[in-house]
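Here is a short briefing on one chain. Look over the sequence and the coordinates, then read on.

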Amino acid sequence: MSDATLHATSQDPDDFAVQIADQVESFVVAVTEVAKGDEPDSAVPFLLLEVSQLMLAGGRLGAHEDIVPDERYEPDLGPEPDVDDLRERLATMLEPIDVYSEVFDPYEPRKARVPARISDDLADVITDLRHGMAHYRAGRTTEALWWWQFSYFSNWGSTASATLRALQSLVAHVRLNQPLEELDGLDTDQDLSEDALAEEAGKVMAEEIAEPLGLRTVK
């Protein structure tokens with residue numbers, strides 16, 4: 001299945017696989033375009049919208065019955081496309097707010113927050129989605145759906161939902177005229193406790209990042 005046939009008129013637009021593939025492709029294309037940096041003023045609101053829409057696809061995959069691949073072993077897809085350039089472009093564009101803190105598993109008691117990066121998260125999600133898209137374009141629809149469902153549970157679902165919370169929180173802070181706490185100089189490779197995170201955090205007023213990121217505060 002080539003790019004030209006991905007949206008072929010012979011495909012039923014109500015088909016579950018077609019709808020999931022459309023949402024996946026839309027997300028990958030949209031984030032790739034944002035990463036080019038041509039319209040940085042609208043980057044954050046646009047990413048909020050795209051991640052929100054992707055989570056709908058993830059929710060549908062999560063609610064679906066277990067999808068079993070046609071073959072016992074996953075066919076070799078060759079080397080994965082490099083996402084380093086995408087990751088670096090996003091990190092540069094989102095530098096003021098790229099780092100955020102997240103609880104990896106909300107059901108683990110007293111689990112300390114850990115630092116994460118929106119740019120890393122988006123690149124990782126796209127890696128998972130592209131893997132499934134390679135199967136889909138090769139005509140292995142069940143394999144694609146299995147991979148998207150499996151990786152939704154094992155990786156990209158939790159990663160995208162954490163990113164969504166970070167983006168939504170950012171937009172809410174700015175629109176409500178609330179100060180943001182910046183993880184100033186925080187390295188995401190560091191293993192820091194909640195107290196250490198609090199010590200690292202510095203105050204950055206929302207209006208300092210609102211204009212360059214396409215956000216507006218409440219008057």
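Of the 219 residues of the chain, 39% count as buried. The model is predicted. Its chain has a mean pLDDT of 79, with 71% of residues at 70 or more. The chain holds 7 helices and 4 strands.

**Confidence**

- Helix 1 (residues 16-35) has the highest mean pLDDT among the elements, at 96.
- Strand 4 (residues 201-204) has the lowest, at 35.
- Residues 182-188 have pLDDT below 50. This stretch still shows 22 contacts in the model beyond near neighbours in sequence.
- Residues 192-208 also fall below 50 in pLDDT. Beyond near neighbours in sequence, the model gives that stretch 28 contacts.

**Layout and surface**

- In sequence order, the elements run α-α-α-β-β-α-α-β-α-β-α.
- Among contacts with a separation of 6 or more, 74% join residues 24 or more positions apart.
- The exposed area of the chain is about 12,200 Å². Carbon and sulfur atoms supply 50% of that area.

**Nonpolar core**

- In soluble globular proteins, nonpolar side chains tend to be buried together.
- Here, the largest nonpolar core has 48 residues. Phe-27, Leu-129 and Trp-148 have the most contacts inside this core.
- Five helices each supply at least two core residues: helix 1, helix 2 (43-63), helix 3 (84-93), helix 4 (118-137) and helix 5.
- Helix 5 gives the largest share, 13 residues.
- What does Leu-129 touch, leaving out residues up to four places away in sequence? Its partners are Val-24, Phe-27, Val-28, Leu-54, Trp-148 and Trp-156. Two of these partners, Phe-27 and Trp-148, are named with Leu-129 as having the most contacts inside the core.

**Aromatic pairs**

- The whole structure contains 6 aromatic pairs.
- One of them joins Trp-146 and Trp-147 in a tilted arrangement, 6.1 Å centre to centre and 55° between the planes.
- Trp-146 is partly exposed because its relative accessible area is 21%, and the cut-off for buried is under 20%. Trp-147, at 14% relative accessibility, counts as buried.
- Trp-146 and Trp-147 belong to one aromatic cluster with Phe-150.
- Tyr-152 and Trp-156 make an edge-to-face pair, with 5.1 Å between centres and 65° between planes. Both residues are buried.
- Why are Tyr-152 and Trp-156 separated by about one helical turn? The two lie 4 residues apart in helix 5 (residues 141-175), so about one turn separates them.
- Trp-156 also appears in the contact list of Leu-129.

**Thr-163**

- Thr-163 sits in helix 5. Is this residue buried or exposed? Thr-163 is buried, with a relative accessible area of 1%.
- The side chain of Thr-163 makes a polar contact of 3.1 Å with the side chain of Asp-121.
- That Thr-163 side chain also reaches the backbone oxygen of Thr-159, at 2.9 Å.
- Leaving out residues up to four places away in sequence, Thr-163 touches Tyr-100, Ile-118, Asp-121 and Leu-122. Asp-121 is thus both a contact of Thr-163 and its polar partner.

Note on methods
Residues are numbered from 1 along each chain as its sequence is written. This is a predicted model: local features need pLDDT of at least 70, side-chain atom pairs count only at pLDDT 80 or more; totals for chains, interfaces and linings use all residues. Side-chain values use heavy atoms; hydrogens and water are left out. pLDDT is the predictor's confidence in each residue, from 0 to 100. Contact means heavy atoms within 4.5 Å. Buried means under 20% relative accessible area, exposed over 50%, partly exposed in between (1.4 Å probe, protein chains only). Accessible areas come from the Shrake-Rupley method with a 1.4 Å probe; for residues, only the protein chains shown count as cover. Rings of Phe, Tyr and Trp (its six-membered ring) pair if their centres lie within 6.5 Å; planes under 30 degrees apart count as stacked, over 60 as edge-to-face and the rest as tilted. A nonpolar core is a set of buried Ala, Val, Leu, Ile, Met, Phe, Trp, Tyr and Cys residues joined through side-chain atoms within 4.5 Å. A polar contact is a pair of N or O atoms within 3.5 Å; within protein, one must be able to donate a hydrogen and the other to accept it, and residues adjacent in sequence count only if both atoms are side-chain atoms.
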